[in-house]
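Me: I have just opened this entry and would like to understand the labels used for it. Could you walk me through them?

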Amino acid sequence: MALRPVLKFPDPRLRETAKPVTEVTDEIRDLAADMCEVMYDEPGIGLAAPQVGESIRLVVVDTEWTEEGVERNPLILLNPELSEPTGKVTWTEGCLSVPDFEAEVERAAEITLSATDLDGNPIEIRADGLQAVCFQHEIDHLEGTLFIDHISRLKRTRYIAKRKKQLKREEEEDAR
Ligand code: K1U
Ligand code: ZN
């Protein structure tokens, strides 16, 4: 089966507020498995369900698998929430839905993530570094927020102009 495509900016579905997961069905399990496949294939270190067109509060994160010798061990997080933010950190972020762009974003340096897993068990992680940044980035997706919303207006405007040109070029190539 083909992998689910990742929606790209400026797709309006990336701007929706995702709905809570109220029951873990086979459909949710299949979606979580598909999302892990997409994350590893892209490759990425996280993915939120709205990025594959499903407006529900489900994210997958694996910030370690790209390191040499580390096994794949995805966190599958239902209805994730953040609390107890402390400190500030600036990180260079990218996004699978925002092609060909990276920028520095200021985030909380440490956060507590609470969620449930596919078996309904509670998960609580006090995170820092890349994992803390990734949790914040993915939970933003559930609110329809993209990392480009956290950068200066000038940088965002420049990116949007570049992206419009890119899309126009792609359209022209497709028409040929
Ligand atoms: O949500 C997404 O679009 C995934 C995104 C997550 C993220 C990246 C950087 C900082 C915060 C959150 C990505 O995974 S972009 C790709 C990426 O960061 C990466 C890919 C391969 C190896 C290492 C990193
Ligand atoms: Zn993203």
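Reply: Gladly! This is a predicted model. A good place to begin is ligand 1, which has an oxygen atom 3.2 Å from an N or O atom in the side chain of His-137.

Me: What makes that pair with His-137 a polar contact?

Reply: A polar contact is a pair of N or O atoms within 3.5 Å. The oxygen of ligand 1 and its partner in His-137 are 3.2 Å apart, so the pair qualifies. By that cut-off, His-141 also counts, with a side-chain N or O atom 3.4 Å from an oxygen of ligand 1. A polar backbone atom of Ile-45 lies 2.8 Å from a ligand oxygen. The protein covers 80% of the 540 Å² of accessible area that ligand 1 has on its own.

Me: Why are Cys-95, His-137 and His-141 called donors of the zinc ion?

Reply: Donors are N, O or S atoms within 2.8 Å of this metal. The atoms here are SG of Cys-95 and NE2 of both His-137 and His-141, at 2.1 to 2.3 Å, so they meet the definition. Along the chain, their spacing reads C-x41-H-x3-H. His-137 and His-141 are both in helix H2, four residues apart, or about one turn of the helix.

Me: Which element gives the largest share of the shell around ligand 1?

Reply: That is H2, with five residues. The shell has 15 residues, with Glu-138 and Gln-51 among the closest.

Me: How do you know what kinds of residue make up that shell?

Reply: Sorting them by class gives six nonpolar, seven polar and two charged residues. Gly counts as polar in this scheme, so Gly-46, one of the closest residues, belongs to the polar group.

Methods
Residues are numbered from 1 along each chain as its sequence is written. Chains are lettered from A and ligands numbered from 1 in the order in which they are written. This is a predicted model: local features need pLDDT of at least 70, side-chain atom pairs count only at pLDDT 80 or more; totals for chains, interfaces and linings use all residues. Side-chain values use heavy atoms; hydrogens and water are left out. A residue is near a molecule or strand if one of its heavy atoms lies within 4 Å of it. A polar contact is a pair of N or O atoms within 3.5 Å; within protein, one must be able to donate a hydrogen and the other to accept it, and residues adjacent in sequence count only if both atoms are side-chain atoms. Accessible areas come from the Shrake-Rupley method with a 1.4 Å probe; for residues, only the protein chains shown count as cover. Helices (H or I, at least four residues) and strands (E, at least two) are DSSP runs, numbered from the N terminus. Donors are N, O and S atoms within 2.8 Å of the metal (3.2 Å for Na, K and Ca); water is not among the atoms, so sites may look incomplete.
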